[in-house]
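Visitor: I have a few questions about the words used for this model. Could you show me the structure and take me through them?

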Amino acid sequence: MRDSVSLKRNVVANYASQLYATMIGIVLIPLFLTYMGPEAYGLVGFFAMLQAWFNVLDLGLTPTLARESARFFGGALAPIDYRRLYRALSTIFLSVAAIGGGLLFALAPVVSDKWLQVRELPVGQVVSAVQIMALSVAMRWMGGLYRGVITGAERLVWLGGFNALIATLRFAAVFLSMSIWGYTPAVFFWHQLVVAALELLFLYLKSQGLLPVRSAGAEPIGWSFRQIRPLLRFSLTIALTSSIWILVTQTDKLILSGLVPLSEYGYFTLAVLAAGGITILTGPISTALLPRLAHLHAQGNHAEIVRLYHKSAQLVSVITGSLAVTLVVCAEPLLFAWTGNRELTQAAAPILQLYAIGNGLLALGAFPYYLQYALGDLRLHLIGNVVMVCVLVPAIGLAATRAGGIGAGWVWVVLNALYLFGWVGYVHAKLVPGLHSGWIVDNVFLIILPTALVGWLVGLTTFNAQTRTLAFAQTLLVGLASLATATLASPACRSAAIRLVKSGWQRAPG
C-alpha cells in the first residue's frame with residue numbers, strides 16, 4: 001500500500017513540475033519572440049537541440065546509475081559496491097563533460113559561420129552565444145549523474161520542486177536580467193550559464209546526502225572501475241539506443257537548422273515545441289515507472305509489473321490522446337491565442353498537427369522499452385530502433401530538403417505509426433506472450449478512438465475565433481471535452497476520478 005501511495009505521489013510531483021516547466025516555457029515564448037526577435041529566438045531553439053544531441057555522450061551511464069541506485073535502495077546492492085560504482089561513474093562523467101564541452105566550444109566559429117543561416121545578427125555575437133551554450137550544456141549534462149542518484153532513490157517530490165524552481169530561473173528570471181543589460185543573445189545565454197551552475201551545485205549536494213555513509217573501519221572505496229564491467233553490456237546498449245533516440249527525435253531539427261534561415265528555424269522550433277508537450281507530459285510517468293519496475297523485478301514480483309504496465313499505459317493514453325486530439329483539432333486557434341501572429345499561425349499549424357500525431361504515437365510506442373529496462377535486457381529495443389533510424393534519417397533528410405518542416409512531419413507520423421502497430425506487438429509477444437492484444441485494444445484503441453471522435457465533433461460545432469480570447473476558449477473547450485472522454489474511456493483513470501470525487505464530497509462541509 002505504501003509503495004502504491006509513494007508511486008502516485010512521485011507521479012503527481014513529476015507531473016506538477018513538468019507541467020509547470022513546460023507551461024512557463026511555452027507561455028513566455030511570444031515574449032522572447034517580441035523582445036529578442038525571431039532570429040535570436042532561433043538561437044534559443046538551436047540551444048535546446050544542442051542539449052539533446054549532447055546526451056549522445058551519456059554512454060548509457062545516467063539510466064544505468066538510476067537503475068543501480070534503485071537496486072541499492074531496494075536492498076539488492078551492497079553499500080560499498082554502490083559507492084565504488086558511483087565514484088567510477090563520477091570520473092567518467094567529469095572527463096566526458098570536459099571533452100564534449102571543450103570540443104563544442106572550439107567548434108563555435110565553424111558552427112556560427114558555416115552551418116547556421118544567420119541573416120541579421122553579427123557573426124561575432126553568434127560565436128559568443130554558441131561558446132556559452134557549450135559550457136551550459138556540459139554543466140546541465142553533468143547534472144545527469146546526480147539526477148540518477150536522486151531518481152533511483154525515488155526522491156522525486158524534491159526533484160520535482162527543484163525542477164520547477166530551475167525552470168522559473170531559466171525562463172522567467174531571464175527577463176529581469178535582459179531588462180537590466182539588454183534583450184540580446186549574449187545576456188540570455190550568460191543568464192542560462194549562471195542558472196546551469198546553480199543547478200549543478202544543488203543537485204550535487206542533494207545526491208551526496210543520499211549516498212551510503214562509510215562506517216568506521218570499513219574498507220576503502222578506491223578508484224577501481226571493476227564495478228562497471230558487469231554493467232557494460234546494459235550500459236552500452238542504453239548508450240546505443242540513446243544515440244539512436246537522439247537521431248530519431250532530433251535529426252529533423254539538425255537538418256533544418258542548416259537549411260533554413262535562423263528566423264524560420266525559430267518558427268519551426270515553436271511548432272515542434274508545442275507538439276513536444278505530449279512527450280514532456282509523459283516523461284514524469286516514465287521517470288517514476290522505470291525505478292519502480294526495476295525494484296519490482298529485483299523482488300521477483302512479475303504479476304505487479306504487468307498490472308502496473310497496463311495501468312500506466314492507460315494513463316499515458318489518456319494524457320497523450322486528449323492532448324494530441326486538441327492540438328490537431330485546434331492547431332490554428334491555439335497558435336493564434338498563443339502568439340497573436342496570423343502569419344506565423346498559418347505557417348506553423350500544419351507542422352504542429354503532424355508532430356502532435358507523431359509524438360502521441362511515439363509516447364505509446366516507448367512502453368516496451370520500460371519493460372525491457374526493468375528486465376535488464378534491451379536487445380529487442382536496440383534492434384527495433386536501429387531499423388527505424390536506418391529508415392528515418394534518410395527519409396527525413398529527403399523530405400525536409402524538399403518540403404521543409406511539413407515533409408519531416410509526415411515522415412514522423414508514418415514511421416511512428418508503423419513502429420507502434422508493428423514492432424511493439426512483436427516485442428510484447430517475445431517478452432510476455434498473450435499481453436499485446438489486450439494491451440493495444442484496452443489501453444490504446446478504446447481510449448484514443450472515442451477521444452478523437454468527441455474532439456473532432458466539438459471542434460466542428462465551435463465558433464470561428466476572431467480574437468485571441470475566443471481562440472483560447474475554443475481550444476480549452478475541445479481540450480476539456482477530449483480529456484473528459486479519455487478519462488471516462490479508461491477503466492483505471494475512471495475509477496481514480498470517481499474515488500477523487502467521492503473523497504471530495506465526503507470532505508465537503510455539510
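Guide: Happily! Helix H3 (residues 61-73) and helix H14 (residues 367-375) pack at about 60°, with axes 11 Å apart. The model is predicted, so local features need pLDDT of at least 70 and side-chain atom pairs 80 or more, while totals for chains, interfaces and linings use all residues. Residues are numbered from 1 along each chain as its sequence is written, and side-chain values use heavy atoms, leaving out hydrogens and water.

Visitor: Why are H3 and H14 called oblique to each other?

Guide: Angles under 35 degrees count as roughly parallel, over 145 as roughly antiparallel, 65 to 115 as roughly perpendicular and the rest as oblique. The angle is about 60°, and the pair is therefore oblique.

Visitor: What makes the contact between H3 and H14?

Guide: Pro63, Ala66 and Arg67 of H3 meet Tyr373, Ala374 and Leu375 of H14, where contact means heavy atoms within 4.5 Å.

Visitor: Why is Cys390 called exposed and Cys493 buried?

Guide: Buried means under 20% relative accessible area, exposed over 50% and partly exposed in between, with a 1.4 Å probe and protein chains only. Cys390 has 54%, so it is exposed; Cys493 has 14%, so it is buried.

Visitor: How do you know that H12 is largely enclosed by the rest of the structure?

Guide: Seven of the nine residues of helix H12 (residues 331-339) are buried, so the description fits. Among them are Leu335, Phe336 and Trp338. After H12 comes Gly340, with a positive phi near 75°.

Conventions: Axes are lines fitted to C-alpha atoms, for helices over the stretch in contact, and angles run from 0 to 180 degrees between N-to-C directions. Helices (H or I, at least four residues) and strands (E, at least two) are DSSP runs, numbered from the N terminus.
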